[in-house]
Amino acid sequence: VPLARHVIDPGLIAVATNSPFKTLADLIAAAKANPGKVTISTSGIQSAEHFELLQIQELAGVKFAFVHFSEGSAMAIAPLLGGKLDAFTGNVGDVMAQYKAGQVRILGIMDTKRSVFYPEAPTFMEQGINFADATARGYILPAGTPRPIVEKLSAAIKKVMDNADHIKKMQDMALTISYLNPDDFSTFWTNYEDKIRRLMPLTKE
């Protein structure tokens, strides 16, 4: 039983600051000119990043060379900075330290508006790719949990999420608080499942 959505973490594509790709258009152009040659990371087969890139390929008419890091996105940072990986796909919260250190350039944010954490980084939509996606994190309960309990716990979570200390901790991790109540979270979940079901066969190519 969906209980409450807590945060969302929009996707992004980043490159090392010494990369020849200055914009998302540069990366797309290279992928079009060299199908299956431009390397880009995911956090594993059938991960959020994998599904995001499959959709971007469809929208932009390109073919990337996926490099799957099953241990998670963090494992892709060193190869990116070392020049062994052309581009990195992850979430807004994944590259804050490298961004502050001047080690990465963010080519695009997968959101409907610019990130407060990287205000100078354009969205995909600003660059002509009508795409937004984010990793959502939240809470669930066992199926069959009585509705009054679901509602009471969800309201308690909302109260904690509105706490100033909690908000500050989420901001420090570059996470966007985005509460959804049980009904809205259920709708969100169903819609996401429908999207993944369509994309699942593509992960085997």
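Because its relative accessibility is 7%, D133 counts as buried, a word used here for residues under 20% relative accessible area, with exposed meaning over 50% and partly exposed in between (1.4 Å probe, protein chains only). The structure is a predicted model, in which local features need pLDDT of at least 70 and side-chain atom pairs count only at pLDDT 80 or more, while totals for chains, interfaces and linings use all residues. Residues are numbered from 1 along each chain as its sequence is written, and side-chain values use heavy atoms, with hydrogens and water left out.

D133 is found in the loop between β5 (104-110) and β6 (134-140); helices (H or I, at least four residues) and strands (E, at least two) are DSSP runs, numbered from the N terminus. The side chain of D133 makes a polar contact with the side chain of K195 at 2.5 Å, where a polar contact is a pair of N or O atoms within 3.5 Å; within protein, one of them must be able to donate a hydrogen and the other to accept it, and residues adjacent in sequence count only if both atoms are side-chain atoms. If neighbours within four places in sequence are left aside, D133 is in contact (heavy atoms within 4.5 Å) with P10, G11, E52, M110 and K195.

Strand β1 (residues 2-16) is largely enclosed by the rest of the structure, because 15 of its 15 residues are buried. The table lists strands with which β1 pairs, a term that requires DSSP to find at least two bridges between two strands.

| Partner of β1 | Bridges and direction | Residues opposite each other |
|---|---|---|
| β6 | Seven bridges, antiparallel | A4 and Y139 |
| β7 (residues 176-180) | three bridges, antiparallel | I8 and T176 |
| β4 (residues 88-91) | Four bridges, antiparallel | G11 and N91 |
| β5 | Six bridges, antiparallel | A16 and V104 |

In the largest nonpolar core, which has 21 residues, those that touch the most other members are I13, L24, L27, I56, F64 and F124; such a core is a set of buried Ala, Val, Leu, Ile, Met, Phe, Trp, Tyr and Cys residues joined through side-chain atoms within 4.5 Å. At least two residues of this core are supplied by each of β1, α1 (24-33), α2 (48-60) and β5, and the largest share, five residues, comes from α1. Apart from this core lies another one, of 18 residues, among them A76, L85, I106 and Y118. Leaving aside neighbours within four places in sequence, I56 is in contact with I13, G61, F64, M110, F124 and F131.
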